[in-house]
Amino acid sequence: MTTTYSALSLLKEGFNGQKGWAKAWTSPEPKSRYDIVVVGGGGHGLATAYYLAKNHGIRNIAVIEKGWLGGGNTGRNTTIVRSNYFFPESVRLYDLSLKLYETLSRELNYNIMLSQRGMISLAHTPAEMEMSARVVNAMQINGTDAELYGPEDVRRVLPIYNFGQRSRYPALGGIWQGRAGTARHDAVAWGYARAASKLGVDIIQQCEVTDFIVEGGRCRGIRTNRGDIRADRVGLAVAGHSSVMAAKAGFRLPILSYALQACVSEPVKPVLNTVVVSPGTGTYASQSDKGEIVIGGGLDRMPSYGQRGNLPVLETVLSGLLEMFPAFRQLKLMRQWAGIVDVVPDSSPIIGESPLPGLFLNCGWGTGGFKAIPAGGTLLAHLLATGQHHDISRPFDLDRFARGRLIDEAAGSGIAH
């Protein structure tokens, strides 16, 4: 049954503290045992729980979140979705995610505000143009959409770019993916949370994992500040804190955690109708539905868990932006933040069973976590439900480091890792 509200009833609820609205998801006390526990209440954790219930019929599930839903990287990113990667393994992974995003609003009955406005990855030198041509060829061979743009194409999609003769970063062309775009980050988390809760998933916030229950050399559950919770299998989807949780479980991951910062300007009328990435300047930008210019850049290369970022990195990012778009010099910055990303040596994620049997990993997404939420949830759900890899997740197992089968997507990430 769908509840409808008139404009007057919405106004009354606003003044009444929204006391008459039903909760979008339940917040029960944790049970002592579940079939599966997913640690991490961000996009990947919530998506995992949803696909476990929807695709595999497992309903006795708990999502455990230390803080509040979407309070980590899911709420601290620049909302870009795309699949313009180089290697076939990566394209299969990220294109699965993009395809799921394309139907997600209808599937969840929740508007995630997907805007497929396209994305241009700029090339500023002849060498970068040559590499762009190679990437476009690889993308097309691997079955995703891509076009090689020239200068006139860039002028068409970025009319306010600095095309002057003295431009420090001339736009010679670049890689265009028309299906790329943005989605609303909190709507993605809330949509998955509501849908998972309707399927019987327990979503438990303010519940911190302090240790793992290990018996007979296998993970049998978690210890939390709200008591022990046993489970047949446990999934970890905690982004930048993956190495911290791994240490609690008694093993190390090839991960370093860095702050990735971003900022937004004051809102203005539409001036940037696509997502633009400049690997040469280490800057990327888009315009939100509210009119804000959303700006991001490269990593602060000092390992950290601080969610503030720092001024030198912000200065570097903004200097690149203003060289490309001088008109933005007059804008005022409204907010700045940082997310904590887990970076792996080959800039590709880790999906698979951990060195502790019964504990499964979804981590190492680096700067690509938000765009991968639907795929990450689908693949971790498959692992937790069956104990076996999906064909798409198999190349991203932790054992690739021992086998020497790395998937080096440092260039595909779009900014310097």
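## A tour of rings, charges and cysteines

Start by selecting Leu8, Leu11 and Phe15: together they make a nonpolar patch on the surface, with about 380 Å² of accessible area between them. Keep in mind as you click around that this is a predicted model. Now pick Phe15 alone; you'll find this residue in helix H1 (residues 7-15). Is Phe15 buried or exposed? Its relative accessibility is 73%, so Phe15 counts as exposed.

Next, the aromatic rings. How many aromatic pairs does a search of the whole structure find? The search turns up 11. Select Tyr101 and Phe370 for one of them: the ring centres are 5.9 Å apart and the planes sit at 40°, so this pair is tilted. Trace the chain outwards from each ring and you'll see that the pair links distant parts of the chain, with the two positions 269 residues apart. Tyr101 belongs to helix H3 (residues 88-102), while Phe370 is in the loop between strand E18 (359-363) and helix H10 (373-386). Switch on a surface and remember that both Tyr101 and Phe370 are buried.

Then jump to Tyr161 and Phe325. This aromatic pair is edge-to-face, at 5.5 Å centre to centre and with 85° between the planes. Here too the pair links distant parts of the chain, 164 residues apart. Tyr161 is in the loop between helix H6 (151-157) and strand E6 (173-177), and Phe325 is in the loop between helix H9 (311-324) and strand E16 (333-343). Tyr161 and Phe325 are both buried.

Stay there and add Phe163 and Phe328 to your selection: with Tyr161 and Phe325, they form one aromatic cluster. Show Arg155 as well. Which ring does Arg155 lie over? Arg155 is over the face of Phe163, 4.3 Å from the ring centre.

For another charge over a ring, go to Arg301 and Tyr258. The charged end of Arg301 sits over the Tyr258 ring, at 5.0 Å from its centre.

Last stop: the cysteines. A disulfide is a covalent bond between the sulfur atoms of two cysteines. How many disulfides does the structure hold? The count is 0. To see one case, select Cys219 and Cys207, then display the distance between their sulfurs. Cys207 has the closest cysteine sulfur to that of Cys219, yet the gap is 14 Å, which is too far for a bond. Cys219 counts as buried because its relative accessibility is 0%. Finish on Cys263, which is also buried, with a relative accessible area of 1%.

Definitions and conventions:
Residues numbered from 1 in each chain as written. Predicted model: local features only at pLDDT ≥ 70, side-chain atom pairs only at ≥ 80, totals over all residues. Heavy atoms only, no water. Patch = residues over 30% accessible without salt bridge, like charges linked within 9 Å, V, L, I, M, F, W, Y side chains within 5 Å. Areas by Shrake-Rupley, 256 points an atom, 1.4 Å probe, with all protein chains shown as cover. Salt bridge = Lys/Arg side-chain N within 4 Å of Asp/Glu carboxyl O. Helix = DSSP H or I, 4+ residues; strand = E, 2+ residues; numbered from the N terminus. Buried < 20%, exposed > 50% of the residue type's maximum accessible area, 1.4 Å probe, protein only. Phe/Tyr/Trp six-rings, centres within 6.5 Å; stacked < 30°, edge-to-face > 60°. Lys NZ or Arg CZ within 6 Å of the ring centre and 35° of its normal. Disulfide = S-S within 2.5 Å.
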